[in-house]
Amino acid sequence: ICVGSSATELLCSLAWAIAPKKGSNIVSTRASFPSTVYPWQRVSDEFGSEIRLAPYDENYYTNPDDILSLIDGNTAVVTLSHVEYACGQRYDLTNFSKVAHDAGALLVIDATQSMGMVPIDAPKSGADAIVSSGYKWLRGTYGAAVGYISTTIQSLYPGLLGFRSHRDIWDMKADRLEFPDDASRFEFTTIHFGAVLGLAASIEEISNIGMQKVWEHDIELANMLIDGALEIGLGIASPTND
């Protein structure tokens, strides 16, 4: 686990660390929050890799099969928002990780729209990296984010470096750089300690309540809203089975 200032910052470091080269492709969706795709667009512009984006319908719903159909033997990365910001669609991470890994690709997830509300077992999900800003369901504030970097990619050379990149950050000499052997190698600069400590307190409280209990409560509230909307004749645009 590592901390950062934003999910975008962590995604940018991952994108430059992985840096898919010419002949490879990066798969995502047109419905994704832009910061899920833009870091990969930058490295694709630099190295000549291809960006493949699955389409969405009139309700911003993306058929998962349309995403899976874009994955092939040249896919280097599949990058998705766990929950799409525009419609609330939620992807099965286990399924996507299996297909991605079978093709030799990595799965990188932005969970900013879900972490703190949807239970996520990071190792069981199969995702190679999961990042989340702290200011939504995690109930933190701007300036703090968390990242899960699986052991499969903890040896990567981070794309962003600073004095905290060295394993002993207080051994401040510019003539050496030895990375930590864990996810903290992606922590590269001074963080907003107030925001991070506040986020840590919030995560501790959520953990004490229990993620499953939080999930069940929120789903109950969502179902009450859906039932009320249907009773007065409104249609539900968001998917209710994904």
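These are my notebook entries on a predicted model of one protein chain, going from the whole chain to a helix and then to a single residue.

**Entry 1: the whole chain**

I began with the secondary structure and found that the protein chain has 7 helices and 7 strands. Reading from the N terminus on, I wrote down their order as β-α-β-α-β-α-β-α-β-α-β-β-α-α. I then looked up the radius of gyration, which is 19 Å and close to the 18 Å that the globule rule gives for 242 residues, so the chain is as compact as a globular protein of that length. Along its principal axes, the C-alpha trace spans about 70 × 45 × 25 Å.

**Entry 2: burial, contacts and charge**

How many of the 242 residues, as a percentage, count as buried? I noted 46% for the protein chain, and for the surface I noted that the chain exposes about 12,200 Å², with carbon and sulfur atoms supplying 54% of that area. Turning to contacts between residues at least 6 apart in sequence, I found that 67% of them join residues at least 24 apart. The chain carries 16 positive and 30 negative charges, and the mean positions of these two groups lie 7 Å apart.

**Entry 3: helix α2**

Next I followed helix α2, which covers residues 34–47 and therefore has 14 residues; from its first C-alpha to its last it reaches 20 Å, close to the 20 Å expected at 1.5 Å a residue. Which residues of α2 are buried? My list reads Ser35, Thr36, Val37, Pro39, Trp40, Val43 and Ser44. These buried residues pack against one helix, α1 (7–18), and against the strands β2 (25–29), β3 (50–54), β4 (75–81) and β5 (106–110). Just after α2 I came to Gly48, which takes a positive phi of about 85°.

**Entry 4: Trp137**

I finished with a tryptophan outside the helices and strands, Trp137, which is found in the loop between β6 (129–133) and β7 (145–149). Is Trp137 buried, exposed or partly exposed? Its relative accessibility is 38%, and because partly exposed covers the range between under 20% and over 50%, Trp137 counts as partly exposed. Leaving aside residues up to four places away in sequence, I found that Trp137 touches Gln113, Ser114, Met115, Gly116 and Met117, and also Ile206 and Asp218. I also looked up Ser202, which is 65 residues from Trp137 in sequence, while the two are 9.8 Å apart in space, C-alpha to C-alpha.

Notes:
Residues are numbered from 1 along each chain as its sequence is written. This is a predicted model: local features need pLDDT of at least 70, side-chain atom pairs count only at pLDDT 80 or more; totals for chains, interfaces and linings use all residues. Side-chain values use heavy atoms; hydrogens and water are left out. Helices (H or I, at least four residues) and strands (E, at least two) are DSSP runs, numbered from the N terminus. Buried means under 20% relative accessible area, exposed over 50%, partly exposed in between (1.4 Å probe, protein chains only). Contact means heavy atoms within 4.5 Å. The radius of gyration is taken over C-alpha atoms; the globule rule is 2.2 Å times the number of residues to the power 0.38. Accessible areas come from the Shrake-Rupley method with a 1.4 Å probe; for residues, only the protein chains shown count as cover. Lys and Arg count as positive and Asp and Glu as negative; His and the chain ends are not counted. The place of a charge is taken as NZ of Lys, CZ of Arg, CG of Asp or CD of Glu.
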